[in-house]
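Let's take a walk through this fold, one piece at a time. Keep the viewer open and follow along as we go.

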Amino acid sequence: MRYLKQKELDLASRYLFLSMAIAVIRQDRKHMEQGKFKIKEPYMEMFGKMELEARKERKELRQQMDQLKLQVVESGRNDSFTSFLFLAQGYEEKRNYFNPAIRKKVENILFELMKRSQQHAPHEHPQLETNGSGLQE
């Protein structure tokens, strides 16, 4: 039986997958720092902006969830599925998500954050003029 309203489910789901995206960004930043990339700074800056965007949105979602007394917690996991318990107004609703579907949702959020982080900040490194040979004049 379904107890949660669609708005509550959408809000809690977005919060859940956004939290997972933040964890992925943090993990990838760590790999980037330890990796053998020639020039890390642009990527590190992008990850930082993505995390900032995600954390701002998650904070707003958390406030809305608190007002609605809405919670979501992981309740189980196996090789194929992860279960989450959605709690709202004294009701509980258990939902199972196929792990590859979770990955796809998180990936889509990462693409969205990547685009947003690039739109909100003007490039701090203006394109240098070149003489046609690729060398700065």
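**Starting from the sheet**

Begin with the open sheet: three strands in the order E1-E2-E3, with antiparallel pairing. The two edge positions go to strand E1 (70–77) and strand E3 (91–98); each has a single partner strand, so one side of each is left without a neighbour in the sheet. If you compare neighbouring strands and ignore direction, they're turned by 25° against each other on average. Keep in mind that what you're looking at is a predicted model.

Now for the pairings themselves. As a reminder, strands in a sheet pair through backbone hydrogen bonds, and that can happen in a parallel or an antiparallel way. Here, E1 and strand E2 (residues 81–88) are paired in the antiparallel sense over seven bridges. To find your place in that ladder, pick Glu-74, whose bridge partner in E2 is Phe-84. Val-72 gives you another landmark, with Phe-86 as its bridge partner in E2. Together E1 and E2 make a hairpin, and three residues sit between them.

Over on the other side of the pairing, E2 and E3 run antiparallel as well, joined by eight bridges. Look for Phe-81 here: standing opposite this residue in E3 is Phe-98. These two strands also form a hairpin, with two residues between the strands, and Gln-89 takes a positive phi near 50° in that hairpin.

How covered is strand E2? Mostly: seven of its eight residues are buried. 

**A couple of backbone angles to check**

If you like scanning a Ramachandran plot, Gln-89 deserves another click. Its phi near 50° is a positive value in a residue other than glycine. Gln-89 belongs to the loop between E2 and E3, and with 47% relative accessibility this residue counts as partly exposed.

Lys-69 is another case: phi is near 50°, again positive in a residue that isn't glycine. You'll find Lys-69 in the loop between H2 and E1. At 63% relative accessibility, Lys-69 counts as exposed.

**Adding the helices**

Time to zoom out. The protein chain has three helices and three strands in its secondary structure, and reading along the sequence gives the pattern α-α-β-β-β-α. So far we've only been in the β part, so let's turn to the helical pair at the front of that pattern.

Two packed helices can be described by the angle between their axes and the distance between those axes. For helix H1 (residues 6–34) and helix H2 (residues 41–67), the packing angle is about 155° and the axes are 9 Å apart. Angles over 145 degrees count as roughly antiparallel, and H1 and H2 are therefore roughly antiparallel to each other. As for handedness, H1 passes H2 in a left-handed crossing. What kinds of residues make up the contact of H1 with H2? They divide into 14 nonpolar, three polar and ten charged.

**Two glutamates in H2**

Some of the acidic residues are worth a closer look. Glu-51 is in helix H2, and is it buried or exposed? With a relative accessible area of 8%, Glu-51 is buried. Leaving out residues up to four places away in sequence, Glu-51 touches Ile-22, Ile-25, Arg-26 and Arg-29.

Glu-53 also lies in helix H2. This residue counts as buried too, at 9% relative accessibility. Glu-53 has Ser-117 to look at as well: the two are 64 residues apart along the chain, yet their C-alpha atoms are separated by 6.6 Å.

**The whole chain**

To finish, step back to the chain as a whole. Of its 137 residues, 31% count as buried. And if you take the contacts with a separation of 6 or more, residues 24 or more positions apart account for 53% of them. The pair of Glu-53 and Ser-117, 64 residues apart, is a handy one to keep on screen while you think about that.

Technical notes
Residues numbered from 1 in each chain as written. Predicted model: local features only at pLDDT ≥ 70, side-chain atom pairs only at ≥ 80, totals over all residues. Heavy atoms only, no water. Pairing = 2+ DSSP bridges. Helix = DSSP H or I, 4+ residues; strand = E, 2+ residues; numbered from the N terminus. Axes fitted to C-alpha atoms, helices over the stretch in contact; angles between N-to-C directions. Parallel < 35°, antiparallel > 145°, perpendicular 65-115°, else oblique. Left-handed = near helix turned anticlockwise from the far one by under 90°. Nonpolar A, V, L, I, M, F, W, Y, C, P; charged D, E, K, R; others polar. Buried < 20%, exposed > 50% of the residue type's maximum accessible area, 1.4 Å probe, protein only. Contact = heavy atoms within 4.5 Å.
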